[in-house]
Amino acid sequence: MNTQPLVISPTDRLFLLTGAGVSAESGIPTFRDSNGLWCNYRFEDVATPTAWRRDPKLVWDFYSMRRREAVHAKPNPAHQAIAALQHRLADRLFLCTQNIDNLHELAGSPRTVHMHGELFKSRCESCSRPPFDDSQLYQPPAAIPRCDCGAQIRPHICWFGEVPYDLDEIYAALDHCTIFFAIGTSGTVEPAASFAAHAARHAKTYYVGPEPPANLRVFRQCFLGRAGQILPDLFAAP
Ligand SMILES: [Zn+2]
């Protein structure tokens, strides 16, 4: 099956939203994957501000495990096709991901907005010190790392109940895009699930993923299959 390259005019602006399906093609377990590591944990115990206050060691144990799992993952052809298109279109392409791994960066994407944070970054829970690169494992009996200010260092992750990052910039890009893509994202996690409907008021909307998304009706066209198989043809230079 060959997909015709997408027609992109010189005035088009693209917004790409990527989700767990793109990382899954690189072997990173998805939230709902029953074989995935999440099945051993309840998200209430490891991925909420309440969980952090109650048991920061358990939270760090969980994210240390995810770091260990993700550290050997490699970008797949979907990440590479997106990075190549980004280099071709420069600032006419806005890449927003729900994924916390660094596979877009490893594929060469010049800029990725991580609305749910980054697995390989940490930050102070209290002061304004910016997030910093961190691939350390903090598993028991390791102590919780501390900032110079004395507060605890936490994963740079947007937990359930917290507001996703960079939403002002994301909505500005949605407002100005002419072509919107949802890639490997199920259309169930808000606010990302509403981006397509937001963009559909003025942009052409496309979906790429293995199965129809929950918000299917807001898409003008769906490409069903693996993103790593579809995107290299779809994003090929005409
Ligand atoms: Zn601090």
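Leaving aside its neighbours within four places in sequence, which residues is Leu-167 in contact with? The first legend answers this. This is a predicted model, in which local features need pLDDT of at least 70 and side-chain atom pairs count only at pLDDT 80 or more, while totals for chains, interfaces and linings use all residues. Residues are numbered from 1 along each chain as its sequence is written, and side-chain values use heavy atoms, with hydrogens and water left out.

**View 1. Leu-167 in helix 7 (residues 167–176).** Beyond four places in sequence, Leu-167 is in contact (heavy atoms within 4.5 Å) with Met-115 and Pro-191. Met-115 is 52 residues from Leu-167 in sequence, yet their C-alpha atoms are 7.4 Å apart. Leu-167 counts as buried (under 20% relative accessible area, 1.4 Å probe, protein chains only) because its relative accessibility is 19%.

**View 2. The zinc ion and its protein donors.** The SG atoms of Cys-124, Cys-127, Cys-147 and Cys-149 lie 2.2 to 2.4 Å from the zinc ion (donors are N, O and S atoms within 2.8 Å of the metal, or 3.2 Å for Na, K and Ca). Angles of 103 to 119 degrees among the four donor atoms make the site tetrahedral (all angles between 85 and 135 degrees). Cys-124 and Cys-147 are both buried.

**View 3. An open sheet of three strands.** The strands (DSSP E runs of at least two residues, numbered from the N terminus) stand in the order 5-4-6 with antiparallel pairing (at least two DSSP bridges between two strands). Strand 5 and strand 6 each have a single partner strand, so one side of each lacks a neighbour in the sheet. Lys-121 stands opposite Asp-133 in strand 5.

Methods: Tetrahedral: all angles 85-135°; square planar, octahedral: opposite > 155°, others 65-115°. Buried < 20%, exposed > 50% of the residue type's maximum accessible area, 1.4 Å probe, protein only. Helix = DSSP H or I, 4+ residues; strand = E, 2+ residues; numbered from the N terminus.
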